[in-house]
Structure formats: C-alpha cells, structure tokens
Amino acid sequence: MCGIVGVVSTAPVNQLLYDALQLLQHRGQDAAGIATANGSNFHMFKGNGLARDVFRTRNMRSLPGNSGIAQVRYPTAGSASNSEEAQPFYVNAPFGLTLSHNGNLTNAEQLKDEMFRIDRRHINTNSDSEVLLNVLAHELHQASNGLVLDPAAIFRAVAGVHRRVQGSYAVVAQIAGYGLLGFRDPFGIRPLCFGVMETDQGTEYMIASESVALEGLGYRFVRDVTPGEAIFVNLDGRFYAQQCAQNPTLNPCIFEYVYLARPDSVIDGVSVYGARLKLGEYLADQIKATVPVSEIDVVMPIPDSSRPAAMQLAMRLNLDYREGFIKNRYIGRTFIMPGQAIRKKSVRQKLNTVAVEFRGKNVLLVDDSIVRGTTIQEIVLMAREAGARKVMVASAAPPVRFPNVYGIDMPTRSELIAAAKSIEEIRREIGADALIYQRLDDLKQAVRDCNPALTNFEASCFDGVYITGNVTPEYLNRVEHARNAPKGVDDGPRNQLSLAIEADA
C-alpha cells in the first residue's frame, strides 16, 4: 500500500503535490517523493520519512513546473530504511520517464531477468517499481519505433505492459515533453481515480489513489480509472482515455474498505465510511449468535479505523458506546511498522486507557482486523490493567490466514496469528474472554451493499485465492525465504534478482 498522485495544472504544482501527499499520508509513512516537469526537464526530491519531514522550503523551490507526480511509501521487508527505493523513479530513455507505483508485481523476478537478458536494461534497486518503470520505457520505445509519441502509441505501450506484467499496480508516470499517464492493472486490485478543476486558464487534472486527495484540494471527482484502462493528459491539458487490457475485471482489494483507505474516500463506487458502518451491522449479528449480549456492558473501538463499525454495532445491539482508548496521533500506524518488537513497543506509546470506562465492566473491544495479534494482545492486557472484569474482542474482518502478495505488508504465514491456529487458540493467545470474527461472506456483502455492481473482490489474505493466477506454493515459499533471510548474506537467486516482495509499493 502506497499513495500516489499526478497533476497537470495551469500553475506550479510543487505545493499542490505536497498537499496531496499530506492527504494520502495514511497510505505510507516511510518515504515521500515529488518529481515535477518543467518543459522537458524533470526535477525530483525524495527521502525517508513523513512528507512534512522530507521536504523543506529549499526542496520545494527546486521543484518547478506545471505538472508532476508524487508518492508516499509504506515500509515492507528489506526496503524500510533504503532511501534509494523512495519514489518516484526516473529513467532517461527512450523519452525520459518518472514513475510512481502502488501495488506489487508477482512476476518481478522474471521481468528483471528479461530486462537484463533481452531488453538490455539495468535495474539498480530491489524495487519492483523500477522494474515496472523499465518495462513501460521499453514498451514505449517499441510502440513508437523510437520516434514521436502520440496517445495511440502510449496506449499501445500500456497494452504491452499489461501483457508482460502480473500482479497489482496503479501507476502515475510523466513522459518528458508529453504529459501525465495513469493506468491500473486489469484486475483493478489497487485503487486509482481522477478529477478535474476548471480555472480561468483552463482545465486541470489530478490522478490519485483516493478521492479524498482530489476533494481536499478542490478538484471535482470524475470517476475511478477502470481496470486495464489508461488515461493520458498532455501538457496542454487535453485528456485521452482508452481500455488497454483484453479481458479486464474489477476485483478491488477488500482490505481497502476494512483498514487501508481513509473513511471519507469513495473507492469503486463504495463509500469507505458506509462500508465500515455495514461491517458493524453484520458483526453485530455475528456477536448476537455467538455470545450473550446481556453480558456486554460497553462497546469500545480500537482507534481509529474500527470506529464506524463499533458505533453501528453498539447501536444495533442497543449497547452503550464509549471511547476507552485515547490515541497519540504522533505515533505511526503499528500495522505498517516493520518488525514485531517495534510494533509491540509502539502500542503503549500510541494508546492510553481511560480507566473509568473499564473499571468493573465487561468490555467488548472492536478492532478492524487482527493480523499478527501483537497489537490486540497488548490492548487486551491494557484493558485488564485498567480494571475491566471481562474483555471480549470482535474483529470487523475475518481471520487473516494467508499471505498477501499484492502490496500489503503481511506476506508470510509464519507472521499471521490465524494461519495455523483455531479461533479458540487465538482467543487464548491474545488473552480475551471471547473472540468473534466477521464472516467473509458478510464482509463482501457489506461492501456490496454500498455498490451492488461489485461482484468480485481480491480477498486472498482471507480465502487464499490469488486472482492473478500466477501465485503458486513455490512462489510463496520463495517469498517467505527472501523475507526471512539475513540481509547482506549471499543466498543465491534472491540477491541476484531481488524478489518482488522486497518492493516498496
């Protein structure tokens, strides 16, 4: 999960891109970068940290131009502290490209080998985004015969990318002297949308991961980029769109609605906030069928993502709703922090209890999801220390049992508490008096209730079904080996080809 944005404006875009990154900061806190275009010249600055910490006034002054792209990145294994893998990436041939990517390529190892042996392109980092950049550059060269580009050639190049690349990818890219390109993988796994702003000087366009970035900056949300579609805006503000995949299908990542996206965003026709309210309704029914509701004194959310579900759940069960945890908003999201020790330590820094809300009560804690179990185990203990008589836990998402290889940092089964444990075993491990999970069918229906046109979802972390079709047990074993291997140790193919799962998107 990363946040990406691209703009073609009638005025300098450096401040605009910075403001967009602030609105997308929840999608990545490890690194931030901006690349602008001034005529045919690119200007770029990027580094590790939050957007507000990466950029200073002198950096912003070095980013002239009326078009540009930007990204915030979250950390994954192997890349969390490597500033060289901050995005955007740049390549100078055939036309000069900058690119930012949200997702993960599942055939990056094969593509990197092809880049070296066939396309004669050198990949300098461990990032699958750099692989994707070079595939796009090669396809642009092929589509244009190395001569002049036009929108038709650009769309042929994206079609070539779709034929070669597997996995999830939402992309914004700049082509030097031509304009801004955005496209989405044929399965529509990761989100991408665009909007417009009418000015006295002409129409401006913005492409972004979430609608909140558009609306927060005064752009009118137009629509989502459809799976397999590419959109191109030239430097004069002319807009082009074309479907570039042969058999596209919409399979949005269902975890976006559970946790990843901001609640005020709309993704593929679904209000994230509305979906989370629905999750609370279905979870309430599951609780009613599992534990005596009369034994619950109060419902409390674990801030912040679970709050809509917890409110709706309490209302449906006619229970008191209370805020028992106060969140320190200056601590990062523990789910996307690398390393169990860091996540566990940060829980106490991130949350503090309001003891009066716990003392002598049977408390139902509502979490958006339980991935590794580290956070919820600490929170249950905190509730008991605050005086709770009983601590029950409800998860708005089903058990996370399988690795996610499409851009979320939970790629190995050994890290997932539900991978090899029953619900009763998990309950005992986290120290809860009761544990209730959302049913997968109910999760899908909750999202579908907000947009009945959605029929399929990417839900591999819950059901183990990998819709791109190339994720085999052997691939998952290589992923786990690469993730767990000591860094700096020469273990053969991993260091030669830098597996896609060590990518930053």
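The following dialogue works through how several descriptions of this predicted model are reached.

Student: Why is Gln 312 called buried?

Tutor: Gln 312, which lies in helix 10 (residues 307-317), has a relative accessible area of 18%, and because buried means under 20%, the residue is classed as buried. Leaving aside residues up to four places away in sequence, Gln 312 touches Leu 277, Gly 280 and Glu 281.

Student: What makes helix 9 oblique to helix 14?

Tutor: Helix 9 (residues 272-288) and helix 14 (residues 440-450) pack at an angle of about 135°, and their axes are 8 Å apart. Angles over 145 degrees count as roughly antiparallel and those from 65 to 115 as roughly perpendicular, with the rest, apart from angles under 35, counted as oblique, so helix 9 is oblique to helix 14. The crossing of these two helices is right-handed.

Student: Which residues make the contact between helix 9 and helix 14, and how do they divide by character?

Tutor: Helix 9 contributes Gly 274, Ala 275, Lys 278, Leu 279 and Tyr 282, while helix 14 contributes Asp 442, Leu 443, Gln 445, Ala 446, Val 447, Asp 449 and Cys 450. These residues divide into seven nonpolar, two polar and three charged, and Gly 274 of helix 9 falls among the polar ones because Gly is counted there by definition.

Student: Why are helix 4 and helix 5 also described as oblique to each other?

Tutor: Helix 4 (residues 108-117) and helix 5 (residues 128-144) pack at an angle of about 50°, with 10 Å between their axes. Roughly parallel would require an angle under 35 degrees and roughly perpendicular one of 65 to 115, and therefore helix 4 and helix 5 are oblique to each other. Their crossing is left-handed, and the contact is made by Ala 108, Leu 111, Lys 112 and Met 115 of helix 4 together with Asp 128, Val 131, Asn 134 and Val 135 of helix 5. By character, the residues of this contact are five nonpolar, one polar and two charged.

Student: What makes strand 5 and strand 13 the edges of their sheet?

Tutor: Six strands form an open, antiparallel sheet in the order 5-6-7-8-12-13. Strand 5 (89-91) and strand 13 (239-243) each have a single partner strand, so one side of each is left without a neighbour in the sheet.

Student: How do you know that strand 7 and strand 8 are paired?

Tutor: Pairing requires at least two bridges, and six bridges join strand 7 (residues 167-175) to strand 8 (residues 179-184), so the two count as paired, running antiparallel. Across this pairing, Val 171 stands opposite Phe 183 in strand 8.

Conventions
Residues numbered from 1 in each chain as written. Predicted model: local features only at pLDDT ≥ 70, side-chain atom pairs only at ≥ 80, totals over all residues. Heavy atoms only, no water. Helix = DSSP H or I, 4+ residues; strand = E, 2+ residues; numbered from the N terminus. Buried < 20%, exposed > 50% of the residue type's maximum accessible area, 1.4 Å probe, protein only. Contact = heavy atoms within 4.5 Å. Axes fitted to C-alpha atoms, helices over the stretch in contact; angles between N-to-C directions. Left-handed = near helix turned anticlockwise from the far one by under 90°.
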